[in-house]
Amino acid sequence: MKPSLRNILPKSIFWRAFLIIILPIVVMQMAVAWFFFNAHWARVTSNLSDSVAADVAVAVQLFQQDPTDENAKSLDALLRPDMELSVVLRPDELLPTSNRNAFFSTLDKTLRRSLNETLDEPFWFDTTRYPNHVDIQVKVDQGVLRFIAARERVFAPTGYVFIFWLITATVLLSLISILFIRRQSDPIKELADAATSFGKGQDISDFKPRGASEVRMAGQSFLKMRSRIRRHLEQRTLMLAGVSHDLRTPLTRLKLQLAMQDDTEDTRAARRDVDEMEAMLTGYLDFARGMGTEKPDTVRLADFVTQTMKGRDDVEVSDFEDRDISIRPVMLRRSLGNLINNARKYGSNVDLRIEDTEDFLMFHVEDDGPGIPIEQRSEVFKAFQRLDGARNQNIEGIGLGLSIAQDIAQLHGGTILLADSPKGGLRATLRLPL
């Protein structure tokens, strides 16, 4: 499958902004470099190489008119001061056979072309042996005429300077861009971290919006949203707690009145109704407290499990690795306890297995009960929802246990997942992010 542009582009806003800024700079620098080398530097270098090649050709012709060592020394005395071109006759030598190419192959190609056009004799040259000179050797009958030319006479020196400043400018612009983009992207990351922490129920009182005006507006809107959510939860808790408290008084009077009545079938039915109403009021209050104000605390996992399993000796707990976890211990004990109690209601064998992965801490509660059909699993988290069928036969409750457990899990940034258990019943997984 061919990679799409979406998969190739970086995912973070920092690297995307960096790419937006740097890519045009790099393209512009490449275009400038191409224009410089092709329209200016290559042409200047070609003219210089042609000039040196012409001087070499003339010197060879003058030497061949009087092929003696004294003539070679005279040519050297003539060319060295003004043309920066030295001439030495090496009698009975041969041209070298090894070649070393320059880093910029254009240099060698330009000089070779110029020498080919002006010389009929075999030649050899090396542009890499000396940093400031070029070695050119021409085969003559008496041996080899060796010419040492100043490098600036053969190649335009401005090319290296231009490339140096081109690379330096690109690096400096990149560093400035990194510093600038980092200052712009850090506030966005802080906002994302604050939202994640708030979703986990952690304290974010030290979060202060900063950065560009749009980012500050987003941060301020987030803080206002957090305040509205907290106010809504507090109002819900107070309202349901108030309703439950106000209704308990008349219910208590009804219970007293029914206790004084004769023990008839109608009286027993009325008592059962009052008991169910009292259980519902308790459920209302418990549900309202599901998003309470308990502050997160760092506890040891082993201590948390030990406290949760008190009075639940019939539940088998598998081995696990102890560690520190940041949770609301009282509330999370209640969430996990609701899952365990729910499993104990419907199954005769219940296991608690703790799995610690790189990203999540998971509590698996498994039973051997009748389970829940896949199509009905999303319904059990609705408040006051009780499913019909085998899993609810003759079981007390008003359908708030899993709702409260899910509320508390979400307060910690986690969730509860339902699946089939290897024991044959239901597996409820309380998954918390690390």
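These legends walk through several close-up views of one predicted model.

**View 1. The whole chain, before zooming in.** Start with the overall tally: the secondary structure of the chain comes to 11 helices and 11 strands. Of the 434 residues in the chain, 38% are buried. If you look at contacts in the chain with a separation of 6 or more, 63% of them come from residues 24 or more positions apart.

**View 2. Strand β4 and the two strands it pairs with.** How many of the 8 residues of β4 are buried? The answer is 7, so strand β4 (residues 143-150) is mostly covered. One partner is strand β1 (residues 85-91), which pairs with β4 in the antiparallel sense over 7 bridges. To find your place in that pairing, look for Pro91, whose bridge partner in β4 is Gly143. Another partner is strand β3 (residues 133-140), antiparallel to β4 and joined to it by 8 bridges. Here the pair to look for is Gln137 opposite Arg146 in β4. Between β3 and β4 the chain makes a hairpin through 2 residues.

**View 3. Two residues with positive phi, Glu84 and Asp92.** A bit of background first: most residues other than glycine have a negative phi. Glu84 has a phi near 50°, a positive value in a residue other than glycine. You'll find Glu84 in the loop between α3 (69-83) and β1. With a relative accessible area of 41%, Glu84 is partly exposed. Now move to the loop between β1 and α4 (105-118), which is the place of Asp92. Asp92 also has a positive phi, near 60°. Is Asp92 buried or exposed? Its relative accessibility is 72%, so Asp92 counts as exposed.

**View 4. An open sheet of 5 strands.** Read across the sheet and the strand order is β6-β8-β9-β11-β10, with mixed pairing. Which strands stand at the edges? They are β6 (315-317) and β10 (415-420), and each has a single partner strand, so one side of each is left without a neighbour in the sheet. On average, neighbouring strands of this sheet are turned by 20° against each other, direction ignored. Helix α9 (residues 301-308) packs on the sheet, where it touches β6, β8 and β9 (360-367). The direction of α9 makes about 25° with that of β9.

**View 5. The two ends of that sheet.** At the β6 end, 3 bridges join β6 to strand β8 (residues 350-356), and the two run parallel. Look for Glu316, which stands opposite Asp351 in β8. At the β10 end, β10 pairs with strand β11 (residues 426-433) in the antiparallel sense, over 6 bridges. Leu418 has Ala428 of β11 as its bridge partner. The hairpin of β10 and β11 has 5 residues between the strands, and in it Gly424 takes a positive phi near 105°.

**View 6. Helix α10 on its own.** This helix covers residues 329-346. At 1.5 Å a residue, its 18 residues should span 26 Å, and the end C-alpha atoms are indeed 26 Å apart, so the two values agree. Plenty of α10 is buried, including Pro329, Met331, Leu332, Ser335, Leu336, Asn338, Leu339, Ile340 and Tyr346.

**View 7. Helix α10 meets α9.** Two packed helices are described by the angle between their axes and the distance between the axes. The axes of α9 and α10 come within 10 Å and cross at roughly 55°. The two helices are therefore oblique to each other, and the crossing of α9 and α10 is right-handed. On the α9 side the contact is made by Phe304, Gln307 and Thr308. On the α10 side, the residues in this contact include Pro329, Leu332, Leu336 and Ile340.

**View 8. Helix α10 meets α11.** Next comes helix α11 (residues 401-411), which packs with α10 at an angle of about 140°, with their axes 8 Å apart. That makes α10 and α11 oblique to each other. The crossing is left-handed. Among the α10 residues in the contact are Met331, Leu332, Ser335 and Leu339. From α11, the contact includes Leu402, Ile404, Ala405 and Ile408. Leu332 is worth finding in these last views: it is part of the contact with α9, part of the contact with α11, and buried.

Key:
Residues are numbered from 1 along each chain as its sequence is written. This is a predicted model: local features need pLDDT of at least 70, side-chain atom pairs count only at pLDDT 80 or more; totals for chains, interfaces and linings use all residues. Side-chain values use heavy atoms; hydrogens and water are left out. Helices (H or I, at least four residues) and strands (E, at least two) are DSSP runs, numbered from the N terminus. The expected span of a helix is 1.5 Å times one less than its number of residues. Buried means under 20% relative accessible area, exposed over 50%, partly exposed in between (1.4 Å probe, protein chains only). Two strands pair if DSSP finds at least two bridges between them. Axes are lines fitted to C-alpha atoms, for helices over the stretch in contact, and angles run from 0 to 180 degrees between N-to-C directions. Contact means heavy atoms within 4.5 Å. Angles under 35 degrees count as roughly parallel, over 145 as roughly antiparallel, 65 to 115 as roughly perpendicular and the rest as oblique. A crossing is left-handed if the near helix is turned anticlockwise from the far one by less than a right angle, and right-handed if clockwise.
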